Amino acid sequence: MQQRTLGTTGPQVSALGLGCMGMSALYGDADRTESIATIHAALDAGVTLLDTGDFYGMGHNEMLIGEALRSAPAAARERALTSVKFGALRGPDGDWSGYDGRPAAVKNFAAYSLQRLGVDHIDIYRIARVDPDVPIEETVGAIAELVEAGHVRHIGLSEVGADTIRRAAAVAPIADLQIEYALITRGIEERILPACRELGIGVTAYGVLSRGLISGHFSRDRQLPANDFRGMSPRFQGENLQRNLDLVDALRKVAEEREASVAQIAIAWVLSRGEDIVPLVGARRRDRLTEALGALDVALDADDLAAIEQAVPADAAAGERYPAEQMAHLDSEH
Ligand SMILES: NC(=O)c1ccc[n+]([C@@H]2O[C@H](COP(=O)([O-])OP(=O)(O)OC[C@H]3O[C@@H](n4cnc5c(N)ncnc54)[C@H](OP(=O)(O)O)[C@@H]3O)[C@@H](O)[C@H]2O)c1
């Protein structure tokens with residue numbers, strides 16, 4: 001497995017990470033047995049980075065990963081690195097009620113995550129969204145204390161803009177910024193990616209397939225269950241969906257000429273954007289994982305990249321990447 005290093009202070013990780021969110025939440029129901037088999041298959045293939053959030057299914061995702069790690073061969077378990085997000089507040093009905101980045105809350109969240117994951121440290125720890133009532137310096141300072149005490153190895157950030165990145169990096173070394181980045185989601189290129197590069201911070205990119213929209217497997221007539229985020233996502237609605245899938249049709253032609261799948265081309269494009277970027281693929285089935293890992297064998301030359309960007313020009317996406325009320329929580333969009 002190819003390796004990449006997260007920033008100047010972060011760990012070496014597999015060039016593709018596995019994002020486990022969809023195994024517990026946000027994309028409708030998932031199959032538990034298949035989810036664990038997918039994590040095992042990823043570890044077996046050399047994937048070392050497993051990404052989760054304590055709020056993905058209210059602890060469900062961490063317990064799932066804990067179970068998968070316990071039942072994996074010892075060598076794979078020892079190589080695995082956990083990347084955990086915290087801070088989102090949920091209710092028993094699954095509702096979202098803000099973020100908590102107070103230092104005492106950070107340590108409380110961490111204590112529960114360590115227990116659910118069944119590990120003695122978390123490799124990268126980050127608040128999912130900035131708490132508007134708590135300066136980022138205080139939240140990052142609390143994680144730095146967890147690093148000092150040995151409970152956490154590295155500090156990460158999630159969905160923050162360049163100014164917040166600079167403030168956080170002034171407090172403690174930051175390994176990576178986790179943020180959405182894809183052929184149809186290129187907002188980080190102007191200010192955020194340059195700031196990360198200037199400060200020696202890596203990027204773990206999520207939504208590389210735009211939550212399946214540009215995977216080549218999403219169809220116009222797919223019915224989404226009520227608990228699927230995509231049912232509320234502007235990019236998956238009506239006319240927007242039609243226009244976005246037209247982009248996928250153009251990308252499919254490019255992929256076919258290169259004997260790759262649409263998903264592989266989309267992932268390979270993100271891989272091509274820099275050695276400091278590690279795509280997190282959201283596979284929750286082994287067949288999807290196998291397809292995603294195939295992107296590592298897709299070498300794109302300048303002509304390929306030009307053809308891809310002609311098929312899907314920057315800013316071609318129809319619709320915002322989150323509903324308006326969730327966009328408001330994104331420090332990265334302000
Ligand atoms: N920091 C943040 O704010 C944030 C936000 C969101 C996610 N994340 C992290 O990033 C990870 C990845 O995000 P994501 O799941 O939205 O990304 P994604 O990789 O863009 O989308 C994953 C979805 O694409 C579909 N898909 C189709 N073909 C696929 C293939 N070959 N490989 C993988 N997926 C394929 C699957 O949907 P179907 O199974 O329905 O076909 C899958 O659930 C998450 O698991 C989570 O850990 C972070």
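A quick definition to start. A β-α-β crossover is right-handed if, with the strands pointing away from you, the path from the first strand over the helix to the second runs clockwise. Keep that in mind. The model is a predicted one.

Here is the unit that needs it. S10, H7 and S11 make a right-handed β-α-β unit. S11 covers residues 202-206, and S10 and S11 pair in the parallel sense over five bridges. Two positions to find on screen. Asp-176 stands opposite Gly-202 in S11. Ile-179 has Ala-205 of S11 as its bridge partner.

Now step back one strand. S9 and S10 also pair in the parallel sense, over three bridges. From S9 the chain crosses through H6 to S10, and this β-α-β crossover is right-handed. Here Gly-156 is bridged to Asp-176 in S10.

So how covered is S10 itself? Five of its five residues are buried. Look at the two faces. Asp-176, Gln-178 and Glu-180 point one way. Leu-177 and Ile-179 point the other way. Both sets are buried.

Next, where do these strands sit? Eight strands close into a barrel. The order is S3-S4-S5-S8-S9-S10-S11-S12, and the pairing is parallel. From one strand to the next, the twist averages 30°.

On to helix H6, residues 162-169. Which of its residues are buried? Ala-162, Thr-164, Ile-165, Ala-168 and Ala-169. They lie on the same side of H6, because they cover an arc of only 160° around the axis. The general rule is worth recalling. An α-helix has 3.6 residues a turn, so residues three or four places apart point the same way.

What do the buried residues of H6 pack against? Two helices and two strands: helix H5 at 136-148, helix H7 at 192-199, strand S9 at 152-158 and strand S10 at 176-180.

Last stop, another helix pair. H2 is residues 60-70 and H4 is residues 103-117. Their axes come within 7 Å and cross at roughly 40°. Angles under 35 degrees would count as roughly parallel, and 65 to 115 as roughly perpendicular. H2 and H4 are therefore oblique to each other. Who makes the contact? From H2, Glu-62, Met-63, Ile-65 and Gly-66. From H4, Ser-113, Arg-116 and Leu-117.

To recap. S10 pairs with S9 over three bridges and with S11 over five. The S9-H6-S10 crossover is right-handed, and S10, H7 and S11 make a right-handed unit too.

Key. Residues are numbered from 1 along each chain as its sequence is written. This is a predicted model: local features need pLDDT of at least 70, side-chain atom pairs count only at pLDDT 80 or more; totals for chains, interfaces and linings use all residues. A residue is buried if 20 or more other C-beta atoms lie within 10 Å of its own, exposed if 12 or fewer, and partly exposed in between; C-beta atoms are placed from the backbone. Helices (H or I, at least four residues) and strands (E, at least two) are DSSP runs, numbered from the N terminus. The arc is that of the directions from the helix axis to the C-beta atoms. Two residues are in contact if their C-beta atoms, placed from the backbone, lie within 7 Å. Two strands pair if DSSP finds at least two bridges between them. Axes are lines fitted to C-alpha atoms, for helices over the stretch in contact, and angles run from 0 to 180 degrees between N-to-C directions. Angles under 35 degrees count as roughly parallel, over 145 as roughly antiparallel, 65 to 115 as roughly perpendicular and the rest as oblique.
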